[in-house]
Amino acid sequence: MAVWTTNSPAETEAVGASFAPAVSSGGVIALYGGLGMGKTAFVRGLAAGLGLDAEVSSPTFALVHDYGGKPPLVHFDMYRVSGWEDLYSTGFFDYLDAGAILAVEWSEHIEAALPPGALRVYFARLGDSQREIRCEGIAQPAPSV
């Protein structure tokens, strides 16, 4: 398990960017943590690390944002997903089958649907702007921040 402590959204973005070499077509990054924990900042960094010039924002109301790229980075918010029918309506399985890289906020809501090998990233608040980020499933720790 790899662990980082960040002290700002910019540092959380840097951790996200460091994950870019660890993901490839069909990869899933399952993000866990409450509101305001830094999940979207992490995805913003991941997008930058993948070389995407995308305006990354929380997909809370849209449920999914496709930021493009080769393979595309697709950002999900599963907070309101309460069953298989809801999950299918998001296009989750279609994007997965197409080989997109999936960044999934509120993954605890779809745990049974996550593929084997998904990287699981947990966010915890240590202070007002300080976060602990833990990752299970990464082959080797990404560079430290």
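This passage describes side-chain pairings and burial in a predicted model.

A convenient place to begin is threonine 12, a residue of helix 1, which spans residues 9-18. Its relative accessible area is 2%, so threonine 12 counts as buried, the cut-off being under 20%. Once neighbours within four places in sequence are set aside, the contacts of threonine 12 are Thr6, Gly38, Ala41, Phe42, Phe123 and Ile133.

Helix 1 also supplies one partner of a salt bridge, glutamate 13. Glutamate 13 is joined to arginine 44, and the closest N and O atoms of this bridge lie 3.0 Å apart. Arginine 44 belongs to helix 2 (residues 39-49), so the bridge links distant parts of the chain, 31 residues apart. Both ends can be placed by their accessibility: glutamate 13 is partly exposed at 25%, and arginine 44 is likewise partly exposed, with a value of 32%.

In total, the model contains three salt bridges. Another of them brings together the side chains of arginine 120 and glutamate 111, with an N to O distance of 2.6 Å. Here the two partners fall into separate classes of accessibility. Arginine 120 has a relative accessible area of 18% and is therefore buried, since the limit for that class is under 20%. Glutamate 111, with 34%, is partly exposed. The remaining bridge to describe is formed by glutamate 132 and arginine 134, whose closest N and O atoms are 3.6 Å apart. Glutamate 132 is partly exposed, at 25% relative accessibility, and arginine 134 is partly exposed too, at 27%.

Aromatic side chains offer a further set of pairings to explore. A pair of aromatic rings is described by the distance of the centres and the angle of the planes. Eleven aromatic pairs are present in the structure. In one of these, the ring centres of phenylalanine 76 and tyrosine 95 are separated by 5.9 Å and the planes meet at 75°; the pair is edge-to-face because this angle is over 60 degrees. Phenylalanine 76 sits in strand 4 (residues 73-77) and tyrosine 95 in helix 4 (residues 92-97), so the pair ties together parts that are 19 residues apart in sequence. The two rings differ in burial: phenylalanine 76 is buried, with a relative accessible area of 0%, whereas tyrosine 95 is partly exposed, at 23%.

A second example pairs tyrosine 79 with tryptophan 106. Their ring centres are 4.7 Å apart and their planes stand at 65°, so this pair is edge-to-face as well. Both residues are found in loops: tyrosine 79 lies between strand 4 and helix 3 (84-89), and tryptophan 106 between strand 5 (101-105) and strand 6 (119-125). The pair thus links distant parts of the chain, 27 residues apart. Tyrosine 79 is partly exposed, with 43% relative accessibility. Tryptophan 106, by contrast, is buried, with a relative accessible area of 10%.

Tryptophan 106 takes part in one more arrangement. Lysine 39 lies over the face of its ring, at 4.6 Å from the ring centre. Lysine 39 falls within the range given for helix 2 (residues 39-49).

Finally, phenylalanine 76 and tyrosine 95 return as members of a broader grouping. Together with Trp84, Tyr88, Phe92 and Phe93, they form one aromatic cluster.

Technical notes: Residues numbered from 1 in each chain as written. Predicted model: local features only at pLDDT ≥ 70, side-chain atom pairs only at ≥ 80, totals over all residues. Heavy atoms only, no water. Helix = DSSP H or I, 4+ residues; strand = E, 2+ residues; numbered from the N terminus. Buried < 20%, exposed > 50% of the residue type's maximum accessible area, 1.4 Å probe, protein only. Contact = heavy atoms within 4.5 Å. Phe/Tyr/Trp six-rings, centres within 6.5 Å; stacked < 30°, edge-to-face > 60°. Lys NZ or Arg CZ within 6 Å of the ring centre and 35° of its normal. Salt bridge = Lys/Arg side-chain N within 4 Å of Asp/Glu carboxyl O.
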